[in-house]
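Colleague: Could you take me slowly through the empty spaces in this model, the pockets and the enclosed cavities, and tell me what surrounds them?

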Amino acid sequence: MNYCVVGLQWGDEGKGKVVDILAEHSDIVVRYGGGANAGHTVVVGDSRFALHLLPSGSVRPDTGCVIANGVVVDPDVLIQEIDTLAEKSISLDGRLLISENAHIVLDYHKQEDRLREESLAKNKLGTTIRGIGPCYADKVGRSYTVRMGDFRNLETLKSKLRTIVEYKNKIFKALYNAEPMDADEIFEKCKVYAGRLLPFTTDTTEFLHKSIAGGKSLLFEGAQGSLLDLDHGTFPFVTSSNSSSLGMSAGCGVPAKFVDKFIGVIKAYTTRVGAGPFPAEQDNETGQYIRDKGNEYGTTTGRPRRCGWFDAVAVLYSITIGGIDEVAMMHLDTLSGLEELKICRAYKIYGQETTFFPANEARLSQAGCVYETMPGWSEDLTEANNFEDLPVNAQNYVRRIEELIGKPITFVGVGPKRSQTIFRQ
Ligand code: GDP
Ligand code: IMO
Ligand code: MG
């Protein structure tokens with residue numbers, strides 16, 4: 001079986017945990033989009049891993065790991081991750097493959113991300129400042145790019161970098177009056193990156209198709225969430241890649257028809273980091289309760305996440321555009337202790353009720369939530385092993401969300417550990 005796991009909200013749904021669980025029965029885990037803006041947490045025993053570029057399967061010593069063409073690779077972050085795992089005696093040698101066509105995030109991308117966000121001031125997008133937007137923009141622009149395969153020819157790379165950095169410096173000076181960057185300094189770093197990363201670099205598309213032909217089971221790991229998708233999310237408050245399941249094929253060269261099951265991950269409520277519309281947001285005591293109890297602070301940036309009620313309209317949309325077959329719901333335990341729970345079942349926009357999520361910002365910013373209220377529960381859920389062990393109100397909450405989103409919820413998370421997962425069916 002080949003699976004694809006994607007987030008159905010605005011990221012941080014718990015994809016890392018779900019991928020780690022599914023990786024037990026997968027031969028190869030593939031990251032196909034995004035970059036070091038992602039932060040995927042995997043908790044194994046007492047160890048907690050926060051992975052930004054390595055697939056979440058990497059913590060399992062025998063699982064193959066692929067960073068495919070659609071990922072934008074920050075070599076500093078990747079090398080650090082490889083070294084962190086090595087310190088814990090987890091080696092990537094012989095099982096990590098990086099696409100020669102993956103684009104590289106360099107210092108000038110991060111500089112551009114930062115300068116642009118600073119200049120936008122109150123209109124900023126709230127990016128992770130990891131250089132993601134500028135790197136994908138260069139990819140689409142084609143003229144000023146560095147890809148993994150460029151590390152194979154350092155002389156050519158050196159002159160390429162001089163051209164790129166000269167161009168970037170003109171822009172930085174003209175728009176932001178910023179200090180120039182030094183191409184040769186960046187080149188020296190690239191020599192180190194080449195030494196460390198070329199042994200892993202290959203044609204991952206060929207590898208993936210050979211693996212499929214050889215009967216291997218693949219697990220495709222989405223980054224970010226469907227509502228941050230560049231084309232289908234809440235533009236412009238999105239990331240710069242197709243982070244819904246629709247980005248999978250382009251991001252790794254494997255058609256969606258090879259995926260047996262698309263699994264969408266949700267939280268039992270909603271969170272969002274960065275700016276942009278969030279109809280079910282609770283910027284109040286309830287939001288703070290969820291933030292504290294769920295430890296809702298960014299894995300990558302440490303920023304407090306904005307918290308709100310579960311939004312069935314938004315999730316139904318992500319399921320619809322993404323062809324999602326089943327759903328994993330994380331963080332049900334976080335809702336313990338709330339007397340009542342609200343679920344947004346429709347939006348009201350200019351007096352009209354709709355259950356189809358308007359990704360268009362002008363309409364979404366006018367959306368008010370139509371809520372239904374359910375009784376909460378006070379019991380701690382973190383020790384529950386079976387769905388029937390959960391308080392009836394918690395079971396009913398899951399079942400009601402299942403009805404609203406029209407797909408089965410087959411995993412329920414009751415804590416961050418692998419073992420704190422209830423399997424249904
Ligand atoms: P990702 O980006 O989708 O992989 O999610 P993150 O790792 O950024 O954020 C999810 C956070 O929730 C992490 O700290 C996880 O350890 C934690 N987590 C995952 N599932 C559960 C759950 O069911 N309950 C609780 N309490 N924490 C969870
Ligand atoms: P994972 O994979 C949550 C958000 C940023 C910002 C917007 C654009 O851990 O779920 P970018 O740096 O991509 O240009 O920022 O997207 N964002 C995420 N939010 N989880 C993520 O990844 C995110 N990756 C990007 O906060 O609002
Ligand atoms: Mg995350």
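Modeller: What follows is a walk through the pockets and cavities, with a look at a few neighbouring parts along the way. Please keep in mind that this is a predicted model. Rolling a probe the size of a water molecule over the atoms shows where empty space is left.

Let us begin with the largest pocket, whose volume is about 780 Å³. Its lining is made up of 42 residues, and those that lie nearest its centre are Asn37, Thr127, Thr128, Val238 and Thr239. Helix 3 (107–120) and helix 4 (132–141) each supply at least two residues of this lining, and helix 4 gives the most, with six residues. If you sort the lining of the largest pocket by character, you find 17 nonpolar, 16 polar and nine charged residues.

The second largest pocket holds about 560 Å³ of space, and 26 residues line it, with Thr41, Gly294, Arg305, His331 and Pro416 nearest its centre. The lining of this pocket divides into four nonpolar, 12 polar and 10 charged residues. Helix 1, strand 3 and helix 9 (285–294) each supply at least two residues of it. Helix 1 is mostly covered, with nine of its nine residues buried; among them are Lys15, Lys17 and Asp20, as well as Val18, Val19 and Ile21.

Helix 1 and strand 3 also help us to place the magnesium ion (ligand 3), which is coordinated by Asp12 (OD) and Gly39 (O) at 2.0 to 2.2 Å. Asp12 sits in the loop between strand 1 (3–7) and helix 1 (15–23), while Gly39 sits in the loop between strand 2 (28–31) and strand 3 (40–44), so that the pair, 27 residues apart, links distant parts of the chain. Gly39 is buried, because its relative accessible area of 11% is under 20%, whereas Asp12, at 22%, counts as partly exposed.

From the open pockets we can turn to the enclosed spaces, for the structure holds two cavities of 30 Å³ or more. The largest cavity contains about 50 Å³ of space, and its lining includes Asp74, Pro75, Asp76, Lys110 and Tyr193. Helix 2 (75–87), helix 3 and helix 6 (183–197) each supply at least two of the lining residues, with the largest share, four residues, coming from helix 6. This lining consists of six nonpolar and five charged residues, with no polar ones.

The second largest cavity has about 40 Å³ of space, and among the residues that line it are His103, Ile104, Tyr108, Cys135 and Asp138. Strand 8 (103–104), helix 3 and helix 4 are the elements that give two or more residues to this lining, and helix 4 provides the largest share, three residues. Five of the lining residues of the second largest cavity are nonpolar, three are polar and two are charged.

Asp138 deserves one further remark, for its side chain makes a polar contact (2.9 Å) with the side chain of Lys168. Lys168 belongs to helix 5 (residues 154–176), and with a relative accessible area of 3% this lysine is buried.

Technical notes: Residues numbered from 1 in each chain as written. Chains lettered and ligands numbered in written order. Predicted model: local features only at pLDDT ≥ 70, side-chain atom pairs only at ≥ 80, totals over all residues. Heavy atoms only, no water. Donors = N, O, S within 2.8 Å, 3.2 Å for Na, K, Ca; no water. Buried < 20%, exposed > 50% of the residue type's maximum accessible area, 1.4 Å probe, protein only. 1 Å grid on protein atoms, 1.4 Å probe; cavity = no way out; pocket = protein on both sides within 12 Å on 5 of 7 lines; lining within 4 Å. Points joined across faces, edges and corners; volume = space filled by probe spheres on them. Nonpolar A, V, L, I, M, F, W, Y, C, P; charged D, E, K, R; others polar. Polar contact = N/O pair within 3.5 Å; in protein donor to acceptor, adjacent residues only side chain to side chain.
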